[in-house]
Amino acid sequence: MEMNRRHLLALAVALPVLAACGDNRQQPQSQTSSVVKSGVPQLDANRPGNDTWPFEEAEALNKSLTWPTTNVPEPASKVTLTVAITSDVVAEVRNAQFDLFFKQRHPNIEIKRETSAFDAYLTKYMAQAAGGKLPDVMYIHYSWAQNFIANDIFQSLDDYIAKTPAFDMADLPQNALGYFKDGAGKLYGLPTDMAPKLLFYNKDVFDAAGVDYPDDSWTFDTMLDMARKLAKGEGAEKVYGFTPMPIPAPDLSTIFLMPYGGGFLSQDEMSVEINKEPARKALGLWLDLLRKDKATPSLAELNQVLEKVEPFKIGKAAMSIQGAWILTELAKQKAFKWGAAPVPKGPAGRFTPAVGSALAMTANSQQKDAAWIYLNEYLSSTGQQFRRISAPARQSAWMPNAEALGIPKDVIEIAQAAMKDYATSDGVMHLPANKKIVDTAKPIWEKAMIGDLTLDQALQQIAEQVTPLLAENKIA
């Protein structure tokens with residue numbers, strides 16, 4: 001175990017801060033369209049609430065729901081359960097409300113919540129893992145999980161699930177549980193949110209051009225042609241045909257390369273394939289859309305004109321492939337009318353990544369039964385309905401939450417069909433080297449985006465520099 005701790009400490013030092021929006025990494029789902037601020041709000045411990053989540057509304061909702069029970073016994077005396085999460089200041093209010101009502105149902109379980117910013121979370125808890133001291137329950141992003149599982153940080157949950165027949169594993173997306181399993185199939189994390197990516201479109205832009213909205217007949221060629229047609233204007237008034245430009249990210253393969261039969265890495269994440277012809281062809285189409293057609297934002301436009309704001313969210317793009325976790329944001333905005341469609345098909349088929357986050361129990365927890373009682377409620381359909389997640393892992397929570405949040409029913413049906421029919425974890429990088437791979441490949445690809453490298457030069461450099469990193473995946 002000492003070697004594992006040294007390895008974790010090295011990872012904690014070496015891993016850069018995640019720029020989730022900048023590299024298409026999925027951040028934990030925000031509960032609201034409010035601007036994310038830093039810091040943790042000061043809340044009334046007895047009546048936590050704010051304008052988004054009034055305490056009285058939360059209290060009434062809590063009483064209206066049927067909370068699950070577990071066959072694991074309640075602690076006989078007071079225990080303290082430490083729960084580490086990542087949250088913005090608005091979602092933190094909902095977490096505080098959940099914990100308050102949980103303690104009312106379980107008076108012998110005191111909750112100590114550690115809330116960290118997403119960008120700092122991984123480095124913080126890898127360093128703690130290296131020191132051998134961790135909380136009882138931890139938030140875990142799909143792309144981080146294997147780093148912890150490979151180092152024996154988490155407790156297998158299979159026995160606890162077996163003790164709780166009503167937990168209903170069938171209500172969870174089976175095609176996305178692999179992120180949280182080891183090589184033997186043992187499950188170490190259970191998803192809190194899990195969603196596909198969809199093709200979102202700006203109805204106002206399509207209506208002004210007099211063209212039909214996207215539908216399930218669309219191919220990538222159709223989408224690229226329409227992106228060229230709908231791009232117009234200059235400078236601050238420009239409307240892009242599509243955003244964002246594909247860049248190295250854990251789910252690059254599933255969205256943009258697998259439809260053409262290609263991949264960033266092999267399925268076992270032990271060899272590089274981004275420089276092979278199927279991936280090369282796909283990425284060449286996007287470089288042309290950027291550099292020749294100027295139909296997707298350049299790095300300069302993103303940084304200077306748009307000031308790093310995603311253009312689709314402010315009505316400055318016709319189309320965007322985004323995760324369903326942006327539904328809350330879109331439902332609340334009034335700037336433009338929008339819709340959603342399945343991700344387009346490619347010559348090799350239709351694919352979308354099923355990605356999200358989970359909670360895990362740490363192996364060194366001294367309060368494992370109490371931790372399971374907490375996980376059982378937080379991760380239940382009831383818990384996800386209470387938290388009003390727009391893209392819950394529990395499939396039974398999608399429609400109730402959509403109705404409460406004002407999300408159109410037809411969009412939810414498209415998202416749920418995607419999860420059932422073609423969402424996959426195939427091609428999504430999640431083994432331990434994935435962050436180093438992304439951070440190595442991204443600056444090389446950006447040189448191709450600005451024209452300093454040709455497509456072939458960039459892909460060859462990525463292959464050469466990423467290949468040595470793949471040895472780290474052998475520990476998984």
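## Helix H10

The expected span of a helix is 1.5 Å times one less than its number of residues. For the 15 residues of H10 that gives 21 Å, and the end C-alpha atoms are 20 Å apart, which agrees. This is a predicted model: local features need pLDDT of at least 70, side-chain atom pairs count only at pLDDT 80 or more, and totals for chains, interfaces and linings use all residues. Residues are numbered from 1 along each chain as its sequence is written, and side-chain values use heavy atoms, with hydrogens and water left out. Helices (H or I, at least four residues) and strands (E, at least two) are DSSP runs, numbered from the N terminus.

Which residues of H10 are buried (under 20% relative accessible area; exposed is over 50%, partly exposed in between; 1.4 Å probe, protein chains only)? They are Ala279, Ala282, Leu283, Gly284, Trp286, Leu287, Leu289 and Leu290. Their cover includes H8, E6, helix H9 (252–257), H17 and helix H18 (455–466).

## Two partners of H10

Two packed helices are described by the angle between their axes and the distance between the axes. Here axes are lines fitted to C-alpha atoms, for helices over the stretch in contact, and angles run from 0 to 180 degrees between N-to-C directions. Angles under 35 degrees count as roughly parallel, over 145 as roughly antiparallel, 65 to 115 as roughly perpendicular and the rest as oblique. Contact means heavy atoms within 4.5 Å.

H10 (residues 277–291) packs with H17 (residues 434–449) at about 50°, and the axes are 10 Å apart. The two are therefore oblique to each other. H10 supplies Leu283, Leu287, Leu290 and Arg291 to this contact; H17 supplies Trp445, Ala448 and Met449. By class, the residues are six nonpolar, no polar and one charged. Nonpolar covers Ala, Val, Leu, Ile, Met, Phe, Trp, Tyr, Cys and Pro; charged covers Asp, Glu, Lys and Arg; the others, Gly among them, are polar.

H8 and H10 pack at about 10°, with axes 11 Å apart. That makes H8 roughly parallel to H10. Phe220, Met223, Leu224, Ala227 and Arg228 of H8 meet Leu285, Trp286 and Leu289 of H10. This contact has seven nonpolar residues, no polar and one charged.

## The four-stranded sheet

Two strands pair if DSSP finds at least two bridges between them. One open sheet has four strands in the order E6-E7-E5-E8, with mixed pairing. Its edges are E6 (240–243) and E8 (338–341), each paired on one side only. The twist averages 20° from one strand to the next.

E5 (residues 197–202) and E7 (residues 317–323) are antiparallel, over five bridges. Lysine 197 has glycine 323 of E7 as its bridge partner. Helix H8 (residues 220–230) lies across E5, E6 and E7, at about 140° to E7. Helix H16 (residues 409–421) lies across E5 and E8, at about 25° to E8.

## The five-stranded sheet

Another open sheet has five strands in the order E2-E1-E3-E10-E4, also with mixed pairing. E2 (109–116) and E4 (190–195) are the edge strands, each paired on one side only. The twist averages 15° from one strand to the next. E1 (residues 79–86) and E2 run parallel, joined by eight bridges. Threonine 80 stands opposite glutamate 110 of E2. Helix H13 (residues 368–378) packs on this sheet and touches E1, E2, E3 (137–141), E4 and E10 (355–361); its direction makes about 150° with that of E10.

At the E4 edge, five bridges join E4 to E10 in the antiparallel sense. Leucine 190 stands opposite leucine 359 of E10. E4 is mostly covered: six of its six residues are buried.

## Loops and backbone details

Glycine 451 sits in the loop between H17 and H18. At 41% relative accessibility, this glycine counts as partly exposed. Glycine 451 and leucine 287 are 164 residues apart in sequence, yet 9.4 Å apart in space, C-alpha to C-alpha. The peptide bond from threonine 243 to proline 244 is cis, with omega near -5°. Proline 244 belongs to the loop between E6 and H9.

Aspartate 168 is not a glycine, but has a positive phi of about 60°. The residue lies between helix H6 (158–162) and E4, and at 40% relative accessibility aspartate 168 counts as partly exposed. Arginine 388, again not a glycine, has a positive phi of about 55°. Its loop runs between helix H14 (381–386) and helix H15 (398–405). At 16% relative accessibility, arginine 388 counts as buried.
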